[in-house]
Amino acid sequence: MSTILVPVDFSEETPEVIECAAMLARRNRSDLVLMHVSSGGRDAASGVVSEDEAGEAADKLDRLERYLRAEGFQVSTAVRAGEPAREIVEFGGNIHADCIIMGRHDHGAGTTAAKSPVTSCVENTARCTVVSVP
């Protein structure tokens with residue numbers, strides 16, 4: 001396993017997702033690719049993230065990247081816009097991810113204990129192993 005994709009939404013689950021990804025990456029000597037997908041905004045359909053949102057996501061990803069690099073991992077980051085499940089699966093294919101590790105739940109207004117539609121869609125359409133972290 002050489003590449004693990006880690007989509008993050010900066011929710012309270014993010015630290016658990018990062019720790020799970022780090023554990024698997026350490027065990028397999030894998031590179032980590034952190035990504036955030038913006039699903040909102042008028043330009044999301046065109047794949048363009050607003051400058052403010054891209055900057056905020058990039059800053060948060062940068063902090064996570066620095067933490068993981070300090071722990072000895074090879075890490076890169078990406079910010080995308082659009083429908084999250086589609087962007088995650090497409091990007092995972094583009095980088096030839098061997099595994100996707102992501103949170104199990106959505107953290108929007110309708111949060112429930114059930115698995116999120118994004119996670120379910122990624123699990124059903126990705127061409128690699130998908131690990132959902134509770």
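## Exercises on a predicted fold

The sulfur of Cys99 has its closest cysteine sulfur in Cys128, 6.3 Å away, which is too far for a bond. That distance opens the set of exercises below, which work on a predicted model.

**Exercise 1. Find how many disulfides the structure holds, and explain the result for Cys99.**

*Step 1.* Recall what is sought: a disulfide is a covalent bond between the sulfur atoms of two cysteines.

*Step 2.* Set the cut-off: the two sulfur atoms must lie within 2.5 Å.

*Step 3.* Apply it to Cys99. Cys128 offers the closest sulfur, and at 6.3 Å it is too far, so Cys99 forms no such bond.

*Step 4.* Widen the search to the whole structure, and the count is 0 disulfides.

*Step 5.* Add the surroundings: Cys99 is buried at 1% relative accessible area, while Cys121 is partly exposed at 32%.

**Exercise 2. Describe the order of elements in the protein chain, and say where confidence is lowest and highest among them.**

*Step 1.* Count the elements: there are 4 helices and 5 strands.

*Step 2.* Read from the N terminus, which gives β-α-β-α-β-α-β-α-β.

*Step 3.* Turn to pLDDT. The chain has a mean of 87, with 84% of its residues at 70 or more.

*Step 4.* Compare the elements: strand β1 (residues 3–7) has the highest mean, 98, and helix α2 (residues 51–70) the lowest, 89.

*Step 5.* Look at residues 42–46 too, where pLDDT stays under 50 and the model has 5 contacts beyond four places in sequence.

**Exercise 3. Work out how the span of helix α1 fits its length, and list which of its residues are buried.**

*Step 1.* Take the 15 residues of α1, numbered 14–28.

*Step 2.* At 1.5 Å a residue the expected reach is 21 Å, and the first and last C-alpha atoms are indeed 21 Å apart.

*Step 3.* List the buried residues: Thr14, Val17, Ile18, Ala21, Ala22, Leu24 and Ala25.

*Step 4.* Interpret the spacing with a general rule: with 3.6 residues a turn, residues three or four places apart in an α-helix point the same way. Thr14, Val17, Ile18, Ala21, Ala22 and Ala25 are among the buried residues to try it on.

*Step 5.* Step past the helix end: Arg29 follows, with a positive phi near 55 degrees.

**Exercise 4. Decide whether His36 and His96 are buried or exposed, and place each in the fold.**

*Step 1.* Locate them. His36 sits in strand β2 (residues 31–38), whereas His96 belongs to the loop between α3 (84–94) and β4 (99–103).

*Step 2.* Use the cut-offs: buried is under 20% relative accessible area, exposed over 50%.

*Step 3.* Classify. His36, at 11%, is buried; His96, at 62%, is exposed.

*Step 4.* Check the neighbours of His36: beyond four places in sequence, its contacts are Val8, Asp9, Phe10, Glu53, Ala57, Leu61, Ala78, Val79 and Arg80.

*Step 5.* Check the backbone of His96: phi is positive, near 55 degrees, although the residue is not glycine. Its C-alpha is 9.1 Å from that of Ile4, a residue 92 positions away along the chain.

**Exercise 5. Describe Phe10, one of the contacts of His36.**

*Step 1.* Place Phe10 in the loop between β1 and α1.

*Step 2.* Read its phi, which is positive and near 65 degrees in a residue other than glycine.

*Step 3.* Finish with exposure: a relative accessible area of 24% makes Phe10 partly exposed.

Terms used. Residues numbered from 1 in each chain as written. Predicted model: local features only at pLDDT ≥ 70, side-chain atom pairs only at ≥ 80, totals over all residues. Heavy atoms only, no water. Helix = DSSP H or I, 4+ residues; strand = E, 2+ residues; numbered from the N terminus. Expected span 1.5 Å × (residues − 1). Buried < 20%, exposed > 50% of the residue type's maximum accessible area, 1.4 Å probe, protein only. Contact = heavy atoms within 4.5 Å. pLDDT = per-residue confidence, 0-100.
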